[in-house]
Amino acid sequence: MFRIFLPPAGLESADKKLLLLLGVAFFVGQYDMTVLGLALPDIQKSFSISEERLGKVIAIAKMGSIPALFLALLSDRVGRRSMLMFTLLGLSIATGATGFARTAEEFIAMQFLARGFSTAEEIIAVIYVLELLPVMHRGWGVGFLAAMGAIGAGLASLLYGAVEFLPGGWRALYVLAALPILYLAWLRRLMPESAMFNHYVKGDTAHSFWQPFATVWSTHRGQMMAIGLIAAAFWFHLAATMNFMSKYLQEMHAYAPQDISLLYIVAGAVAITGNVTAGRISDRIGRRPTLAVGLMVNCLAVMTFYNSSGLLLPLAWIALLFSFFAVEVMVNTISGELFPTSCRSTASTLRMIFAVLAGVAGLAVEGSLYTMLGSHAAALSAMTLTSLLALPIVVLALRETSGTQLS
């Protein structure tokens with residue numbers, strides 16, 4: 001099974017090392033997101049956040065992804081390498097500072113910054129991999145990055161199992177991550193610039209700072225709207241779904257932190273294969289059919305998870321994670337392949353803005369639905385149906401990108 005994680009034949013040793021360094025972006029980003037979801041009950045208690053306000057607090061923190069648009073614009077003008085190093089440095093500082101937050105407002109502010117840096121970091125890393133790998137292996141490459149993210153989530157799960165014994169509790173989970181991130185930023189100094197970006201710069205005439213945005217709007221508006229709406233339909237429910245899982249397991253099924261840690265690690269170890277599996281399958285049969293199946297499986301898995309118990313609960317969790325990874329890999333890959341080098345990072349970030357705004361709206365709606373329906377499970381079960389709205393867009397409006405040469 002683990003052969004699917006091995007790099008394709010013919011990949012240079014230097015490129016393999018580069019892939020590992022780029023994978024750190026997803027490792028760190030998913031670690032941070034997983035800590036927030038796992039430790040949500042502890043964070044809620046520390047800052048006395050009410051149930052009705054909880055979703056809105058998370059939503060504000062997640063809006064930090066919106067400023068990533070400006071970092072991506074810089075990536076399309078000054079290069080991938082410089083922005084990768086800058087965002088990783090900023091993420092290290094914001095993550096460490098989160099552990100010292102004294103109020104809910106300070107916590108939100110630090111997570112706002114961390115989300116912006118990690119979003120830009122992940123987007124630029126995907127773009128770099130798409131520009132690095134040959135056409136027949138691009139899906140696998142993006143899947144590998146996402147698999148690194150799943151390993152980061154697994155580490156967060158493992159550490160959360162000991163949260164009751166760590167000095168400072170949940171705060172230690174953020175502080176522990178800061179120094180390793182800083183070290184990885186130092187290692188990144190040896191990374192070369194993307195060869196495709198260098199080629200673009202050599203043949204490029206002077207453009208304004210906003211030229212990548214203008215190119216997307218004037219030339220690729222239809223495909224931008226298609227991938228943006230797909231991301232929005234999926235993330236409307238998923239932002240809330242992922243953040244409330246730990247809370248749901250603890251409050252509704254009496255899971256202890258150690259139980260949740262074990263479930264996340266075991267289930268995640270199986271589900272992680274969804275990243276590279278989806279990538280490799282899509283390299284053969286296409287991005288669109290892989291994405292469509294992932295969306296349908298994820299909707300069914302979320303409904304099952306929030307309306308089951310016993311053995312069915314961890315099985316649904318595996319299916320939910322597996323399909324989430326598959327959809328995320330497909331959306332990331334397609335977003336990079338639809339657009340030329342001159343505006344690739346900008347377009348991918350615009351797609352992320354669609355997802356973030358939809359996720360923020362979903363978190364706000366979840367709070368209102370909780371009041372109406374009386375439980376988070378009922379609210380999330382209703383919200384997950386919105387992801388099916390993406391299916392007709394995938395079939396009717398989205399262009400197939402597997403096998404296409406990047407320009």
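A charge is said to sit over a ring if NZ of Lys or CZ of Arg is within 6 Å of the ring centre and within 35 degrees of the ring normal. In this predicted model, Arg 221 meets that description, for Arg 221 lies over the face of Trp 217, at 4.8 Å from the ring centre.

## Aromatic rings

A pair of aromatic rings is described by the distance of the centres and the angle of the planes. The count for this structure comes to 13 aromatic pairs, and two of them, both edge-to-face, are set out below.

| Pair | Distance between centres | Angle between planes |
|---|---|---|
| Trp 170 and Tyr 174 | 6.1 Å | 90° |
| Trp 235 and Phe 324 | 5.9 Å | 85° |

Planes over 60 degrees apart count as edge-to-face, so the 90° between the planes of Trp 170 and Tyr 174 puts that pair in this class. Trp 170 and Tyr 174 are four residues apart in helix α8, which runs over residues 170-187, and they are therefore separated by about one helical turn. Both Trp 170 and Tyr 174 are buried, and together with Phe 47 and Phe 107 they form one aromatic cluster.

The pair of Trp 235 and Phe 324 is also edge-to-face. Because Trp 235 lies in helix α11 (residues 221-243) and Phe 324 in helix α16 (residues 312-337), this pair ties together parts that are 89 residues apart in sequence. Phe 324 has a relative accessibility of 3%, so Phe 324 counts as buried.

## Helix α3 and the loop before it

How far apart are the end C-alpha atoms of helix α3, and what span should its twelve residues have? Helix α3 covers residues 51-62, and at 1.5 Å a residue it should span 16 Å, while its end C-alpha atoms are 18 Å apart, which agrees. The buried residues of α3 are Leu 54, Gly 55, Val 57, Ile 58, Ala 59, Ala 61 and Lys 62.

The loop between α2 (40-47) and α3 holds Ser 48, and this residue has a positive phi of about 55° although it is not a glycine. Most residues other than glycine have a negative phi. A second case is Ala 254, whose phi is near 55° and thus positive in a residue other than glycine; Ala 254 lies in the loop between α12 (245-252) and α13. Are these two loop residues buried or exposed? Ser 48 counts as exposed because its relative accessibility is 65%, and Ala 254 likewise counts as exposed at 65% relative accessibility.

## Two buried residues and their contacts

Glu 337 has its place in helix α16, and this residue is buried, with a relative accessible area of 5%. Leaving aside residues up to four places away in sequence, Glu 337 touches Leu 130, Arg 138, Arg 287, Arg 399, Thr 401, Ser 402 and Leu 406.

Ser 348 lies in helix α17, and at 1% relative accessibility Ser 348 counts as buried. Although Ser 348 and Gly 336 are twelve residues apart in sequence, their C-alpha atoms are 6.2 Å apart in space. When residues up to four places away in sequence are not counted, Ser 348 touches Ile 123, Ile 127, Ser 335 and Gly 336.

## Cavities and the largest pocket

The structure holds two cavities of 30 Å³ or more, and about 340 Å³ of space lies in the largest cavity. The lining of the largest cavity is made by 24 residues, of which Met 33, Ser 65, Trp 235, Met 352 and Val 356 lie nearest its centre. The elements that give two or more residues to this lining are α1 (13-38), α6 (104-132), α11, α16 and α17 (344-373). Trp 235 thus has a place both in the lining of the largest cavity and in the aromatic pair with Phe 324.

The largest pocket has a volume of about 520 Å³. The residues that line the largest pocket number 33, and of these Thr 34, Ala 150, Ala 153, Gly 154 and Phe 325 lie nearest its centre. Two or more residues of the lining come from each of α1, α7 (138-160), α11, α13 (257-271) and α16. Which element gives the most to the lining of the largest pocket? Helix α7 does, with eight residues.

Notes
Residues numbered from 1 in each chain as written. Predicted model: local features only at pLDDT ≥ 70, side-chain atom pairs only at ≥ 80, totals over all residues. Heavy atoms only, no water. Expected span 1.5 Å × (residues − 1). Buried < 20%, exposed > 50% of the residue type's maximum accessible area, 1.4 Å probe, protein only. Phe/Tyr/Trp six-rings, centres within 6.5 Å; stacked < 30°, edge-to-face > 60°. Contact = heavy atoms within 4.5 Å. 1 Å grid on protein atoms, 1.4 Å probe; cavity = no way out; pocket = protein on both sides within 12 Å on 5 of 7 lines; lining within 4 Å. Points joined across faces, edges and corners; volume = space filled by probe spheres on them.
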